[in-house]
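Dear colleague,

I am handing over the structure that we agreed to look at together, and below it I have written out what was found. Please keep the view open while you read, and turn it as you go.

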Protein chains: 2
Amino acid sequence: MKTSAEQAYEFIRTEILASRFPSGSRLPEEKIAAQLDISRTPVRDALRRLHSDGLIDLTANSGARVASWSAVELMEMSELRALLESFAVGLAARKINAGELANLVQLCDEMEAALSVDKVDLDVISANNVTFHRSVANAAGNSRLTANLESLWTFPLMVRKFALFGDDRLKRSLDHHREITTALHAGDPQWAEAIMRTHILAARAYDAALVSDPQLSENGQSQIAS
Amino acid sequence: MKTSAEQAYEFIRTEILASRFPSGSRLPEEKIAAQLDISRTPVRDALRRLHSDGLIDLTANSGARVASWSAVELMEMSELRALLESFAVGLAARKINAGELANLVQLCDEMEAALSVDKVDLDVISANNVTFHRSVANAAGNSRLTANLESLWTFPLMVRKFALFGDDRLKRSLDHHREITTALHAGDPQWAEAIMRTHILAARAYDAALVSDPQLSENGQSQIAS
DNA sequence: GAAGCTGTAATTGTATACGAAATCATAGAT
DNA sequence: ATCTATGATTTCGTATACAATTACAGCTTC
């Protein structure tokens, strides 16, 4: 059986990622505790963890709020991702093994299958997308690098429903994944780094347009809406 | 007045960095709480924070231990630092202002003063060293980048007493700082990135020799000693 | 002597209680 | 009508109690 703290962590995280706890909203310990029928103590633990994940802001004596990011911060995060993931894929190209490669190929296959049918399965694509990037980072064999990337993969999960919808961007993104896999198979670090950087900066350009769109913003300060 | 949680955090962190809580040793909540005359609750908070800082390991139902790093992990951390800080200093070279530059110059002056006298003041040099790197990262203007670097600056603080002692490495390190400042003043991102990378990889080479030295290792597995 | 078992002590996980600080709604002043 | 002040309410910070789990010493067994 899972601990109450773990349960609270997963619950709050899921609700935030699903935007059922909207960006900027308060997260009172007692209410969440009551909702899960546990006490405040494990909820506090969960909130601290989520804070270090960057998902919530904590203010002394005032409690937790779901984090919100400005357009500038989103740009910063994408730049970091481009830097770290291109570095990671370069390392991976030098040392990836057959099993890891086969895994990446399968993830690509599944994503393309989820796209090729009439009804696009965004849940599968989104989940596999994160798994793909995580697998590449793991293949680089630098655990701290992976840890630093983890928080940067969280945000795309939140906006995927906007970012991936109704566009040929999705097909292009899957093509990128396929090409990254090919470059890794070829053991070509420079190629791998270039296509990974392309992949992330292409997404950044789209996200930027998204965030500056007032329709999707919470207010004029261009923050990510619920 | 500081909160008890903050007090516990700073206390434990200080003791770890001073190696009075040796690497690998257990950190029982109750004993620390008794030592500070507070309850376990704020101590738990502090331990969770230190865990996300990477300073301690947490095991379910078994508690906290001071983290220890293998030689491989130290190498990984240095590689990450080289990547992130050279990126940061490149950004900084494009946008740093006069006030920030003057601050860096003063830090260099103070470090050189602490070295030039007969008795080397390692405390001043160590403190200014971290401040210098933090200031450069701040000048880059990417808050998430700074946050990711923060945990990577922690380790050098722990081993400084070994790493900086009895060597001309110290003078070379201060020369690097001076040259980084000069490159920033010139607004030359490539120069700045190159000298920053040099600075960090030079330290890495020294750390590697240090860690593989069994005299300074806790055991044959080449971990950092207390 | 080494390996496995067992019971006690130590330690963590969680619940609950209370004082302190912040928030919010209401009333009054400009 | 807007702003400010004030009291009630909410919420957090911390202490404490108890249950659940783990660690360790001493014993047994081979």
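Which residues come nearest to DNA strand C? Before the answer, please bear in mind that this is a predicted model. Around DNA strand C there are 23 residues, and those that come nearest are S4(A), S39(A), T41(A), R40(B) and R44(B), a list in which both protein chains appear. Of the atoms of this DNA strand that come within 4 Å of the protein, 67% belong to sugar and phosphate.

Some of the contacts with the phosphates of DNA strand C can be described atom by atom. In R44(B), a polar atom of the side chain is 2.7 Å from a phosphate oxygen, and in R48(B) an N or O atom of the side chain is 3.3 Å from a phosphate oxygen. E29(B) takes part through its backbone instead, with an N or O atom there lying 3.0 Å from a phosphate oxygen of the strand.

If you colour the model by secondary structure, you will find that α1 and α3 of chain A, together with β1, α2 (29-36) and α3 of chain B, each give at least two residues to the surface near DNA strand C. By class, that surface holds five nonpolar, nine polar and nine charged residues.

Turning to the other DNA strand, 22 residues surround DNA strand D, and the closest of them are R40(A), R44(A), S4(B), S39(B) and T41(B). Here 65% of the DNA atoms within 4 Å of the protein belong to sugar or phosphate, while the rest belong to bases. A side-chain N or O atom of R44(A) is 2.7 Å from a phosphate oxygen of DNA strand D, whereas E29(A) brings a polar backbone atom to 3.0 Å from a phosphate oxygen, and S4(B) likewise uses a polar backbone atom, at 2.5 Å.

The elements that each supply at least two residues of the surface near DNA strand D are β1 (26-27), α2 (29-36) and α3 (40-52) of chain A, with α1 (4-17) and α3 (40-52) of chain B. The residues of this surface divide into five nonpolar, nine polar and eight charged.

How, then, are the two protein chains related? A turn of 180 degrees, with a shift of 0.1 Å along the axis, lays chain B on chain A with an RMSD of 0.1 Å, which is the relation of a two-fold axis. The copies meet through the same surface, because 100% of the interface residues of chain B are also interface residues in chain A.

Within chain B there is also an open sheet of three strands, in the order β1-β3-β2 and with antiparallel pairing. In this sheet β1 (26-27) and β2 (56-59) of chain B stand at the edges, each with a single partner strand, so one side of each is left without a neighbour in the sheet. Strand β1(B) pairs with β3 (residues 63-66) of chain B over two bridges, and L27(B) stands opposite A64(B) in β3(B).

Finally, two aromatic pairs were counted over all chains. One of them joins F11(A) and F21(A) edge-to-face, at 6.0 Å centre to centre and with 85 degrees between the planes. This pair links distant parts of the chain, since F11(A) lies in helix α1 (residues 4-17) of chain A and F21(A) in the loop between α1 and β1 of chain A, 10 residues apart.

With best wishes

Key:
Residues numbered from 1 in each chain as written. Chains lettered and ligands numbered in written order. Predicted model: local features only at pLDDT ≥ 70, side-chain atom pairs only at ≥ 80, totals over all residues. Heavy atoms only, no water. Least-squares fit on C-alpha atoms with pLDDT ≥ 70 in both. Contact = heavy atoms within 4.5 Å. Pairing = 2+ DSSP bridges. Helix = DSSP H or I, 4+ residues; strand = E, 2+ residues; numbered from the N terminus. Near = heavy atom within 4 Å. Polar contact = N/O pair within 3.5 Å; in protein donor to acceptor, adjacent residues only side chain to side chain. Nonpolar A, V, L, I, M, F, W, Y, C, P; charged D, E, K, R; others polar. Phe/Tyr/Trp six-rings, centres within 6.5 Å; stacked < 30°, edge-to-face > 60°.
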